[in-house]
Structure formats: C-alpha cells, structure tokens
Amino acid sequence: MPDEPLVLGIETSCDETGVGIVRGHTLLADALASSVDQHARFGGVVPEVASRAHLEALVPTMQRALDEAGITLADVDAIAVTSGPGLAGALLVGVAAAKGYALAAEKPIYGVNHLAAHVAVDTLEHGPLPEPAVAMLVSGGHSSLLLVDDLTAGVTPLGATIDDAAGEAFDKVARLLGLGFPGGPIIDRSARDGDPASIAFPRGLTAAKDLAAHRFDFSFSGLKTAVARWVESRERAGEPVPVADVSASFQEAVCDVLTAKAIDACRTSGVKTLVIGGGVAANSRLRVLAEERAAKHGIAVRVPRPQLCTDNGAMVAALGSHLVAAGVAPSRLDLPADSAMGLTAVSVPG
Amino acid sequence: MLVLALDTATPASTAALVEVTADGLFGVAERRTVDPRAHGEKLAPEIAAVLGDAGARPRDLAAIVAGVGPGPFTGLRVGLATAASMGQALGIPTYGVCSLDALGRAAGPGRVLIATDARRREVYFATYTDGERVFGPEVARPADVAALITTAGGHAPSAALTGLVEKAAGEGALKYGDVFGVPVEEHLLHPPGAALVAIAAARIREAAPSEPLTPLYLRRPDAVEPAARKPVLT
Ligand SMILES: [Zn+2]
C-alpha cells in the first residue's frame, strides 16, 4: 500500500549501530555496524569504546540503508530513534544524529523506547501483533517480561531481572569457561555436546517464598556464582572441567526459568501470544523449550529471525511506523537520550 | 554562502549562522546555552532557532563547520554527530576546526594561552601567536601548563612557548587563572561560531572536499582488560 508510512529508524543504545527502513510492516533495509570485536578483550561492552564506534559508523551505515532501500531522506515520512534505555553516551550519538537528519530533511522525529522496539520488530516477520500479548526480552542488557496492550500507547512491565541480565550471565559463564565473548552463541554451541541434566544449577527466584514478591522477576547472579563455584571445586580437585556439560546445564537453568515465568505470565494475563526478542532469543534451547511449554497451554510463540532479535535499526523503524500509522504526535527537537527510560510511554511525548 | 557553525567542545552548545562572501564574513545569528550536561537537548533547537532568526531553511545552507574539540567526549560527539548527519542529509560539505583554534583566533593579536576544562583537574590547551597555533592541543594538569608557559628551557617542548604568553582565554583559563598567573580574557570562554567559520573560510570559498569530522579526544577510553578470575571459594 503506497499510503503506509515510510519510516527510518536509528539504533545506538549499546554496541550495534543500526539504521533500518520500513514501509508499514515491510522491511526495506537493515544496515548494521557492530563494535563487538573491539569489546571482546574487555569481556563486556566498554561504553566509551561503543560511543566512539557509533560516531564513526553512523554516516556510512545510514548511506548503506538508504542505498539498500533505494530511497533518499526526502522520501521518508518520519525518523525514529532509540531514546532509551541504554548506555547514555551511546544513545546520545544516535539521538544527536537523528535530530540532524530530521532537522536537515525537515521531517518529524520520534524518540522511542528500545524495549518496545524489540517487540515491534516481530511485526516485520509475522504481521500485526495480536493484542494483548506478553513479550519476553532477553539480551546482554535486558531481561524483561512485558504485557503489551497497545504497542503505540504504553506497555506494562510485569517483571525484570533484579541483578544480571540473561545475556550477561551467558557472557560471564563463557568467560569463566575460557570460551570467549560474546557468550550467548558460544555457550549455545558448546552445550550441544553436553548433558543438560548432568549438573543441577539453581533456578533463581523460583522458590515459593521468592515467587510471592518476584513472581515475574529474574535473578541470574546466584546462578553465575554457582557455576563458578562448581568449576572451581573441580579445578581444585585436579579434575578436568566438562565444559560441554557445564554449558548445557547452565543454559538449561537459564532457559527453564525464562520460559516457566513467561508461560506463567501469559496464563495469568489470559494471553495467547508470547513474543520473544533480544539477543538471547536466538538461543536454540530457549526457542525449543518455549514452544514445547507454550503448546501445552495453547499459546503461540513468535520469535523473529536472529538478525531481528539482536539490536538493529529495523526494530526502531518498525515501532516508528506503528506510531505514525496510529497518529501519535512526534517528539520535539529537545528530546533527551534517557538511559533509564521507562515504559509508561512508548515514545517521548511531543 | 550561508554557513552553519556548531561547537559542543566546552560546557557551551553553540549554533551560529555566518554569511561567507568572496571577501568577508558576516555573522547572521548565534545561539548558545551553557550547560555541560545538556548538549544533546539544546543544540538541535538552537539550530532551528538560528535558522528561524535568519528566515532561512536548512536547504539554504552551503556548508557546515564543526568544532572537533578537544573537549569532554560525550558533549563533543553531540556537535559532530549533528554536523555530520546534517551535512549528509543536505549533501553539503562539512569542515572540522580545532575548537581551541576558534578561541585562539578570537583572542586576537599577541601571545595567548587557550585552556578549556578537561575535567579530572586537567585542561585542554594550546598556545597562539597572533591567532596562529604554535603549540598543542594537549591535555595536562594546570600546574604543568603553568610551568610550560612561564619557565624558559627545562622540559618545555617548544621555544615558542616559553615565557612568552601574555594572556589567557577559555573557561579552563578562568577556572585555573590563579595557577597560570596571566591575565584572563573573561569575555572569551567558549569557541565563537564566527571564529570557527573564519578559520574554515578558505576551504568554504574554494569548495574544498567535505572532511570527516574526527574528534580530537586526546585521551584513550578508560577500559581495563579483566584480570584473572577471582576465586569464589574461600
Ligand atoms: Zn536490545
């Protein structure tokens, strides 16, 4: 449909510089530059390194996206940009650039919530999202359960991690096993040759006393410590560490808690659709376990393809397109980068 | 030719419009907010405001000049990201100018120390003779800068520097005026837009190729490689 909004989205909240272009629910371009290799030797994302990389990558990434979509900035209906949450300095590069593009091309600008964008991106692959839905967002930066009543108006947080993010736990365990960074794909691969039932690692916040106050919250810090203790006692005993079994058992503990709580959230809210996003959504065991458990309760699981699960510009453009189509007022040119942005509004009010 | 100048290398966010003719420069409009944490929020509305003041549209711009620092990183990047994106969107050239040079030029004749606040009790600094940079830019503690500008010989890296500075300007000079021991031009604390454009005027007039706006960070990122894993068993 020619009257569907053509929206460009800019993402710089962590270590990926993304520029995406969508028309309605159709993805036209998704250009990405990553500084992940520059962070590897530090075992985690270094904010200043990420910010420097964003500044260098933005203009060329924008050019690739425009070329890929075969459009110019003059053609777009709006520019959307991640306003938060994320790394403050990294967000600011994207927000400043988005303002420059919006100002120069005289286009409206939408400062949008990164978590809501992770949910919106699924519409590019699976079409309009049945509402209400439950979304589980799991990555190196977030672990959240959200109730999505209306993607353009507001999203209700149901729970989140009280310490480490799920992806962070993968990074830390990969590091202590000497496997490298980022940990998610490496642990996933290593776990394939291991027995997930070989070691009983703890499931955080699943005991009856924890469920009262933290039914939909997560905790991965205790799990990470438990893995470290287990590995260390083997080393002290002079025994070899069964890396594949540790990987598989750790991964099972994470996926067990995530999927159990996500399905519980769907059932409690009477919701029949579960959307999973974020880098950890690419984990093979998480997808299988989620689908297995959801099927028992007639819940449909929607997981976008891996490139759309990790941070990218397309997700921001997808949310922007929803906002434009719904007639939501754009943000103003003084919109802030808000590293702790909440979900009460999906975009920065104009 | 209407030229936009931006600088966010100091606590000031500055947006200015300057008309560049074959033989002169005319300041058209300038907006400035001094708030070290607000570059990201203030700069874009200031650009819109100076365009409004001039009755101009973005498409009327012929070039963009940006102060490339040195300056505190987060704020500095706001100006450079904004300048680069506008230049790309408008298909016009962008030119980078050392932000200290704009202050050095604006300070006029004589031998001048320009110092801006680098935080962590250090300053970004450079010295100028009649507006031309002779030393810097560097980042150093104020006492070390004072030693450089007052002590002949010794560890001074340049003869042009020693004992020859008559006055100082820039907010770092104001903050550490007692240490430097030279008169401070208190009206000249942040890079003026017109001075940025004046320094780039030759490039603008000859329509020199657009330049990537590379920040003068002068410091490496604070990042330490993780040490060996700490034992969790006691
Ligand atoms: Zn994310």
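In this predicted model, chain B and chain A touch through 39 residues of chain B and 37 residues of chain A. The size of an interface is often given as the accessible area lost when the parts come together. Here, chain B and chain A bury about 3,200 Å² between them, and carbon and sulfur atoms give 64% of that.

What holds charged partners across this interface? There are three salt bridges between chain B and chain A. One of them pairs the side chains of B:Arg77 and A:Glu48, at 2.9 Å from N to O. On top of that, nine residue pairs are in polar contact across the interface of chain B and chain A.

Now look at chain B's side of things. Helix 1 (39-54) and helix 2 (73-90) of chain B are the elements giving two or more residues to the side that touches chain A. Helix 2 gives the most, with 13 residues. Sorted by type, that side of chain B has 23 nonpolar, six polar and ten charged residues.

Chain B also has a contact inside itself. Chain B splits into domain 1 (2-100 + 190-205) and domain 2 (108-180), and ten residues of domain 1 meet eleven residues of domain 2. The C-alpha centres of these two domains of chain B are 25 Å apart.

Here are the two contacts in a table:

| Contact | Buried area | Share from carbon and sulfur atoms |
|---|---|---|
| Chain B and chain A | about 3,200 Å² | 64% |
| Domain 1 and domain 2 of chain B | about 870 Å² | 69% |

B:Pro70, B:Pro72 and B:Leu100 supply 59% of the area that domain 1 of chain B buries against domain 2 of chain B. Between these domains of chain B, the count is zero salt bridges.

Definitions and conventions:
Residues numbered from 1 in each chain as written. Chains lettered and ligands numbered in written order. Predicted model: local features only at pLDDT ≥ 70, side-chain atom pairs only at ≥ 80, totals over all residues. Heavy atoms only, no water. Domains from an automatic or database assignment. Contact = heavy atoms within 4.5 Å. Buried area = accessible area lost by both parts, 1.4 Å probe. Salt bridge = Lys/Arg side-chain N within 4 Å of Asp/Glu carboxyl O. Polar contact = N/O pair within 3.5 Å; in protein donor to acceptor, adjacent residues only side chain to side chain. Helix = DSSP H or I, 4+ residues; strand = E, 2+ residues; numbered from the N terminus. Nonpolar A, V, L, I, M, F, W, Y, C, P; charged D, E, K, R; others polar.
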